[in-house]
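Got the viewer open and a selection box ready? Here's a short walk through the fold, one stop at a time.

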Amino acid sequence: MSADEKFLDRVLTMEVGRCTEAAAIAASKMIGRGDKEGADDAAVTALRDALNKLHIDGKVVIGEGERDEAPMLYIGEKVGLGDGPKVDIALDPLEGTTLTAKAMSNALAVVAMAQGGTMLHAPDVYMDKVACGPGFPDGIIDLDAPVEDNIEALAKEKNVGTDDITLCILDRERHKPLIDGARKMGSRVFLIPDGDVAGVFHTTEKTTGIDLYVGRGGAPEGVLAAAALRCVGGQMQGRLHFRNDDERGRAERLGITDLNKKYSLMDLASGDVFFAATGVTDGTMLNGVRWEPGYVHTHTVVMRSKTRTIRYIRARSER
C-alpha cells in the first residue's frame with residue numbers, strides 16, 4: 001500500500017464528514033430566514049475553512065462555479081495544506097439553498113473526495129440522469145430507454161408490479177412527460193422541489209422506498225450523486241444537456257470533446273471515493289442540525305467506495 005493510500009485509509013474517511021458538519025452547522029443558522037444567498041455564503045465559508053485544515057493537496061473539480069463567477073470554492077481552486085495526497089474534490093456546501101431559506105426538508109451539505117484525476121470535471125450545465133440503488137444486475141436501467149421500460153425492468157427484477165415502483169424526480173414542467181409515463185404504469189412519483197443530489201441519494205437506502213431517479217438536473221450535482229452511488233454499488237447514467245454555445249464552450253474549456261457522450265457511473269467518479277453528507281434541515285435520510293443551550297447536534301452519513309462502508313454519525317458538539 002502506498003503512502004497516499006495509507007493516508008486515505010487513516011484520515012480522510014472521517015475528516016470528510018467533519019467538513020460537511022461544519023458547513024451544515026453554519027448554514028443552519030439561516031434556516032427559515034428567507035435569505036438563500038446568506039445561507040449559501042455561510043456554508044461556503046465554513047466548508048472552505050474546514051477543507052483548508054486538511055493535510056491534502058486538493059483541487060475543487062465540482063464547486064460553486066467558474067473562477068470569475070464564484071469568489072470561494074470555484075472550480076480549479078486549490079484547498080488543503082498542500083502536504084498530503086493529491087485529491088479531486090466535488091462539493092455542494094449547501095444543496096438546497098431555497099429549502100434552507102424556507103425551512104423545508106432535505107437540505108444537505110455534501111462533499112465527495114477521490115484520488116486526483118478520477119472525477120469528471122463537469123461544467124455548470126444541465127445533465128439528463130437515470131439512477132437506481134444497489135442490488136440490481138448491471139445495465140438494468142438505460143438513459144435512452146423510455147421511463148416506462150426502466151420501471152418495468154426494475155419491477156421484473158424485484159418480482160413486483162409496476163405499481164410497487166417509486167420514482168423520484170424534480171418537480172419541473174420539463175419533466176411532465178416522465179411523470180405522466182410513470183403514472184400510466186401505476187408507479188408512485190415522489191416529487192422534490194429542489195436538491196437532486198438528495199434525490200439520487202434516496203435510491204441508496206431501501207428505507208426511503210425510492211427505486212429510481214430520473215430527470216434533468218445540474219451536471220455538477222450528477223458527479224456528487226455518482227460518488228454516493230459508487231459507495232453502495234448503485235447504477236447511474238448521465239448525458240450533458242447544453243442550451244447554447246456558451247454552455248458548450250464551458251465544457252470544451254474543461255477538456256470535454258464528446259458533447260453527446262453517455263456517461264456511466266465509473267465515467268463520473270472512478271477512484272476510491274469518499275462521500276459525506278450532513279443534514280441541514282430534517283430529511284428522509286438525515287436529521288437536520290438541532291441546537292440546544294451550549295450544544296449543537298448533527299446527523300451525518302460517511303461512505304467509502306473501496307470498502308462499501310456506510311457510517312451514520314450522530315454528533316453533539318459544544319458551541
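**Stop 1: strand 1 and its partners**

Start by picking Gly-58 and Val-87: these two are bridge partners, with Val-87 sitting in strand 3. Keep in mind as you go that this is a predicted model. Now widen the selection to strand 1 (residues 57-62) and strand 3 (residues 86-95), which pair in the parallel sense over five bridges. Next, add strand 2 (residues 78-79), which runs antiparallel to strand 1 and is joined to it by two bridges. For a pair to click on there, try Lys-59 and its bridge partner in strand 2, Lys-78. Switch on a surface and strand 1 is largely enclosed by the rest of the structure, because five of its six residues are buried.

**Stop 2: the six-stranded sheet**

Now look for an open sheet of six strands, in the order 7-6-8-5-9-10 and with mixed pairing. Strand 7 (188-192) and strand 10 (263-264) are its edges, each pairing on one side only. Inside the sheet, select strand 5 (residues 126-132) and strand 8 (residues 212-218): they are antiparallel and share seven bridges. Which residue of strand 8 stands opposite Ala-131? Click across and you'll land on Tyr-213.

Two helices are worth adding to the view. Helix 4 (residues 147-158) lies across strand 5, strand 6 (166-170) and strand 8, at about 145 degrees to strand 8. Helix 7 (residues 219-232) lies across strand 5, strand 8 and strand 9 (235-241), at about 20 degrees to strand 5.

While you're here, pick Ala-145 in the loop between strand 5 and helix 4. Ala-145 is partly exposed, at 24% relative accessible area. Draw a distance from its C-alpha to that of Arg-216: the two are 15 Å apart in space and 71 residues apart in sequence.

**Stop 3: the two sides of helix 5**

Select helix 5 (residues 176-184) and colour Ile-179, Gly-181 and Ala-182, which are buried. They are on the same side of helix 5 because they cover an arc of only 165 degrees around the axis. What do the buried residues of helix 5 pack against? Show helix 4, strand 6 and strand 7, and you have the answer. Spin to the face turned away from that buried side, and you'll find the exposed residues Pro-177 and Lys-184. After helix 5 comes Gly-186, with a positive phi near 85 degrees.

**Stop 4: two asparagines with positive phi**

Most residues other than glycine have a negative phi. Asn-106 has a positive one, near 75 degrees, and is found in the loop between helix 3 (97-101) and strand 4 (108-115). Then jump to Asn-159, where phi is positive too, near 60 degrees, in the loop between helix 4 and strand 6. Buried or exposed? Asn-106 is buried, with a relative accessible area of 13%, whereas Asn-159 is exposed at 73%.

**Last stop: His-299**

Finish on His-299, in strand 13 (residues 295-304). With a relative accessible area of 7%, His-299 is buried. Show its side chain and follow it to the backbone nitrogen of Asn-287, which it reaches at 2.9 Å. Then bring up its contacts beyond four places in sequence, among them Ala-277, Thr-278, Met-285, Tyr-312 and Arg-314.

Terms used
Residues numbered from 1 in each chain as written. Predicted model: local features only at pLDDT ≥ 70, side-chain atom pairs only at ≥ 80, totals over all residues. Heavy atoms only, no water. Helix = DSSP H or I, 4+ residues; strand = E, 2+ residues; numbered from the N terminus. Buried < 20%, exposed > 50% of the residue type's maximum accessible area, 1.4 Å probe, protein only. Polar contact = N/O pair within 3.5 Å; in protein donor to acceptor, adjacent residues only side chain to side chain. Contact = heavy atoms within 4.5 Å. Pairing = 2+ DSSP bridges. Axes fitted to C-alpha atoms, helices over the stretch in contact; angles between N-to-C directions. Arc of directions from axis to C-beta.
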